[in-house]
Amino acid sequence: MTATAHQHDSFDLEQLIPVRRRRVRLRPWFVFAFVVIVAFFGLIFSRVSLDRSGFELDDLETQIAIEEARHWDLRVEVARLQDPNRITTLAVGNGLVYPEERIAIEVPGIESEGLDDDFRWAQLKAVLTAQP
Amino acid sequence: MASRRKPNDSRLLVLGIAFAVAWAGIGYRLVRVQGFEAEDHAARGEQQRVRTEDLTAPRGTIYDRDGVELAVSIDAITVTVNPAELEDPVALARLLAPMVGEPRHVLRQRFTKPGSQFAYVARRLESAEAEQIRRFVRDSDIAGVYFSAEPKRVYPAGSLASQVVGFVRDDDMAGLEGIEWKYDEALAGVPGQQIVERDPYGNPIPQGEFIVDPAQPGADLILTIDREIEFAAQQILAQAVADTNATAGTVVVLDVDTGEVLAMASAPTFDPNNRTGADPSAYRNRAVTDVYEPGSTLKVVTVAAALEEDVVTPRTSIRVPAKLEIGDKNYTDVGRKKPRQMTVSEIVAQSSNVGTILIQDLLGNDQHYRYLAAFGLGAAASGDLPGEASGHLENVRNWCDTTCGPSTAIGYRVDVTPLQMASVFAAIANDGVWVEPHVVREVIRADGTRERFRPTERPVVSAATARVMRLMLQGVVESGTGTLAAIDSYTVGGKTGTTEKFVPGEGYSAEDRIASFIGIAPIDDPRIVVAVVLDAPHGELEDGSDLKFGGVSAAPVFAAVAEAALHRLGVPPDAR
């Protein structure tokens with residue numbers, strides 16, 4: 001009898017205090033999964049961006065090297081064009097020759113002290129333009 | 001009641017076991033690869049990807065005094081093929097041969113070599129030439145042709161100052177001759193290294209390992225050489241060597257104030273861009289490597305020393321006999337058979353051997369030697385030219401009592417280079433101050449720092465003595481042995497020299513002479529010294545003058561070079 005009463009008591013207790021049903025909370029998991037996916041794709045995206053930047057950088061470096069090589073090629077070309085031997089050959093080919101008689105033009109006061117270059121140049125121009 | 005097994009269960013069991021074994025095998029392999037053999041595999045992978053590459057330091061550029069390139073390094077293109085990848089090597093050889101200037105059979109031989117996986121098509125092409133081949137290969141869709149960059153040294157001015165500038169070895173760009181050799185360490189720079197991860201095609205892997213220890217570029221050099229004057233000197237010298245049938249010749253043009261070498265020409269010459277078939281003797285910078293006995297040009301030192309020591313004055317009159325017998329030698333003057341009363345100025349103007357010996361006798365050996373050494377004889381004149389000879393000046397303690405002094409007085413028993421003699425005259429032109437001649441004006445390091453060459457200077461004779469000497473040298477050109485050195489628009493002075501050529505092992509040549517003329521222009525306000533030396537000129541002028549004499553063969557070369565140099569420097573004419 002006592003046992004039954006005990007049993008009865010415990011039953012009552014369960015009746016009186018309702019068991020709280022555990023609810024599975026999915027939202028954090030969704031958030032977590034979302035963050036993981038975003039991080040995953042973000043990582044891939046950043047990796048791809050870095051790789052792309054790397055390739056672009058490499059292309060730019062190649063371009064710089066090409067332009068630098070071209071710069072030196074052009075400088076060499078300019079130096080070759082300035083070669084006195086080439087210029088002399090061209091000049092002779094065009095009929096230019098050294099004059100047989102050298103004429104020295106004396107400009108009055110051109111060597112005197114105290115005259116500035118502009119004044120001397122004006123004098124020289126006056127003499128040169130007066131030549132027949 | 002025991003449950004009955006279905007027939008499928010046993011098959012599933014077998015399949016399960018098979019899967020389990022397979023997974024176990026994979027797992028075992030995984031553990032082995034990732035665990036026990038991980039380091040080994042990682043190392044092998046690294047070995048395939050990571051490459052340590054040497055970075056060549058760009059070789060410095062050599063400029064003339066106006067900043068125009070005389071020697072420059074460019075990235076040339078080398079074209080290679082992998083014969084194993086070529087579809088039709090014979091046809092490709094036929095098509096590429098005219099583009100690279102190689103005979104067809106040579107390329108065909110390279111492309112069809114059995115088992116070969118590498119062959120050169122052309123090395124160190126300039127970009128325009130390489131671009132033509134690249135376009136052809138791309139348009140024709142030919143596989144197995146590759147392009148790579150290789151450094152190449154280019155000399156845009158060709159043979160201009162080639163003996164001064166020198167050249168490098170093609171393979172490793174090491175300097176072999178000239179300034180390229182002497183300044184090789186500065187020009188070469190310091191090579192660097194890079195550690196880089198590359199894919200199987202050789203492209204760098206982004207985000208891969210990339211460690212760079214950059215190369216330090218070589219220093220640039222600015223020379224004192226003036227291209228216009230150098231060109232004029234080379235042209236005039238080459239013509240003179242041809243006209244006088246000389247075996248070789250040298251011209252040096254010095255700036256008297258600074259000691260800068262404006263031109264240094266040697267004939268024969270060569271083109272450093274194409275040395276195939278060039279005579280190696282043409283590589284020699286004869287202005288500093290070849291020594292000769294200066295002959296009468298050295299009388300300048302003898303007379304200047306005597307003037308400085310007040311032993312004589314320009315007007316001192318000396319009775320000069322027809323000949324002097326000293327020891328076993330007879331000293332005479334060319335074209336004079338009788339004794340004559342001559343002033344010191346006349347002795348210089350007429351280049352009297354006997355008169356100069358008498359002046360040297362008044363001076364004494366010790367004093368004479370002191371001045372010879374002070375003028376820089378017996379020691380290399382410049383420190384920046386390779387292979388420079390110091391010449392020979394016997395110590396006065398070893399001079400004999402008989403012919404040593406007299407012979408030295410007239411330019412024998414002393415070995416000099418043309419540069420040394422040019423610097424002697426430059427001292428006379430520079431009011432008695434000797435300035436160290438030099439070719440390199442400035443070194444510009446990769447970090448931008450500039451080191452300008454500071455030449456050593458020393459007074460040798462007084463300004464008064466130098467001025468008197470210049471007047472005497474003017475007399476040589478106006479009425480002495482050097483009249484062919486005269487220039488229409490400028491007053492000049494100088495001294496002729498003619499010596500018997502000494503051939504090592506044979507003694508003095510009976511036929512060959514060394515003809516020279518060294519002069520100063522303009523004589524009143526000196527700007528340049530021009531030294532001309534012709535080796536063994538032969539023949540005669542139309543008037544019968546013998547070309548073996550310096551006054552006949554070398555003096556006109558001086559006149560032509562000096563006039564061109566004075567025009568180039570913008571020196572106003574001073575002759576009326």
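This tour moves through a predicted model, one selection at a time, and says what can be found at each stop.

**Chain A and its aromatic pair**

Begin by selecting chain A, which has four helices and zero strands, so that its elements, read from the N terminus on, run α-α-α-α. If you colour the chain by burial, you should find that buried residues make up 6% of its 132 residues.

Now select A:Trp29 and A:Phe32, which both belong to helix α2 (residues 27-81) of chain A and, being three residues apart, are separated by about one helical turn. Over all chains the structure holds ten aromatic pairs, and A:Trp29 with A:Phe32 is one of them, with an edge-to-face arrangement in which the centres are 6.4 Å apart and the planes stand at 90° to each other. Are these two residues buried or exposed? Both A:Trp29 and A:Phe32 are exposed.

**Chain B: two domains and a ring cluster**

Turn next to chain B, where the domain assignment gives domain 1 (72-84 + 95-102 + 118-150) and domain 2 (227-272 + 281-569). If you give each domain its own colour, you can follow the 53 Å that lie between their C-alpha centres.

While chain B is on the screen, select B:Phe167, B:Phe270 and B:Tyr283, which are linked into a cluster by ring pairs.

**Salt bridges in chain B**

The structure holds 30 salt bridges over all chains, and a few of those in chain B are worth selecting one after another. Start with B:Arg49 and B:Glu197, whose closest N and O atoms are 2.6 Å apart. Because B:Arg49 lies in helix α2 (residues 38-49) of chain B and B:Glu197 in strand β6 (residues 192-197) of chain B, this pair ties together parts that are 148 residues apart in sequence. The two partners can also be coloured by accessibility: B:Arg49 counts as partly exposed at 33% relative accessibility, whereas B:Glu197 counts as buried at 12%.

Then select B:Arg59 and B:Asp184, which form a salt bridge with closest N and O atoms 2.9 Å apart. This pair links distant parts of the chain, 125 residues apart, with B:Arg59 in the loop between β1 (50-55) and β2 (62-63) of chain B and B:Asp184 in helix α8 (residues 184-188) of chain B. B:Arg59 has a relative accessible area of 8% and is therefore buried.

A further stop is B:Asp290 with B:Arg284, a salt bridge in which the closest N and O atoms are 3.0 Å apart. B:Asp290 counts as partly exposed at 21% relative accessibility, and B:Arg284, with a relative accessible area of 33%, is partly exposed too. To return to B:Arg59 and B:Asp184, add B:Arg153 and B:Glu180 to the selection, and you will have four residues that salt bridges with shared partners join into one network.

**Helix α13 of chain B**

Select residues 353-363 of chain B to show helix α13, which is mostly covered, since eight of its eleven residues are buried. Among these buried residues are B:Val354, B:Ile357, B:Ile359 and B:Leu363. At the N-terminal end, B:Ser352 caps the helix, with a side-chain oxygen that lies 2.9 Å from the backbone nitrogen of B:Gly355. Just after the helix, select B:Gly364, which takes a positive phi of about 95°.

**A serine in helix α15**

Move on to B:Ser407, which lies in helix α15 (residues 404-409) of chain B and is buried, with a relative accessible area of 3%. Which side chain does the side chain of B:Ser407 join through a polar contact of 2.7 Å? The partner is B:Tyr331. Leaving aside residues up to four places away in sequence, B:Ser407 touches B:Lys329, B:Tyr331, B:Tyr412 and B:Arg413.

**Helix α19 of chain B**

For the last stop, select residues 555-569 of chain B, which make up helix α19; at 1.5 Å a residue its 15 residues should span 21 Å, and this agrees with the 21 Å between its end C-alpha atoms. The buried residues of this helix include B:Val557, B:Phe558, B:Val561 and B:Leu566. To see what covers the buried residues, show elements of chain B including α9 (227-243), β9 (248-255), β22 (507-521) and α18 (550-553). The helix is followed by B:Gly570, whose phi is positive, near 70°.

Notes. Residues are numbered from 1 along each chain as its sequence is written. Chains are lettered from A and ligands numbered from 1 in the order in which they are written. This is a predicted model: local features need pLDDT of at least 70, side-chain atom pairs count only at pLDDT 80 or more; totals for chains, interfaces and linings use all residues. Side-chain values use heavy atoms; hydrogens and water are left out. Buried means under 20% relative accessible area, exposed over 50%, partly exposed in between (1.4 Å probe, protein chains only). Helices (H or I, at least four residues) and strands (E, at least two) are DSSP runs, numbered from the N terminus. A polar contact is a pair of N or O atoms within 3.5 Å; within protein, one must be able to donate a hydrogen and the other to accept it, and residues adjacent in sequence count only if both atoms are side-chain atoms. A salt bridge is a side-chain nitrogen of Lys or Arg within 4 Å of a carboxyl oxygen of Asp or Glu. The expected span of a helix is 1.5 Å times one less than its number of residues. Contact means heavy atoms within 4.5 Å. Domain bounds come from an automatic or database domain assignment. Rings of Phe, Tyr and Trp (its six-membered ring) pair if their centres lie within 6.5 Å; planes under 30 degrees apart count as stacked, over 60 as edge-to-face and the rest as tilted.
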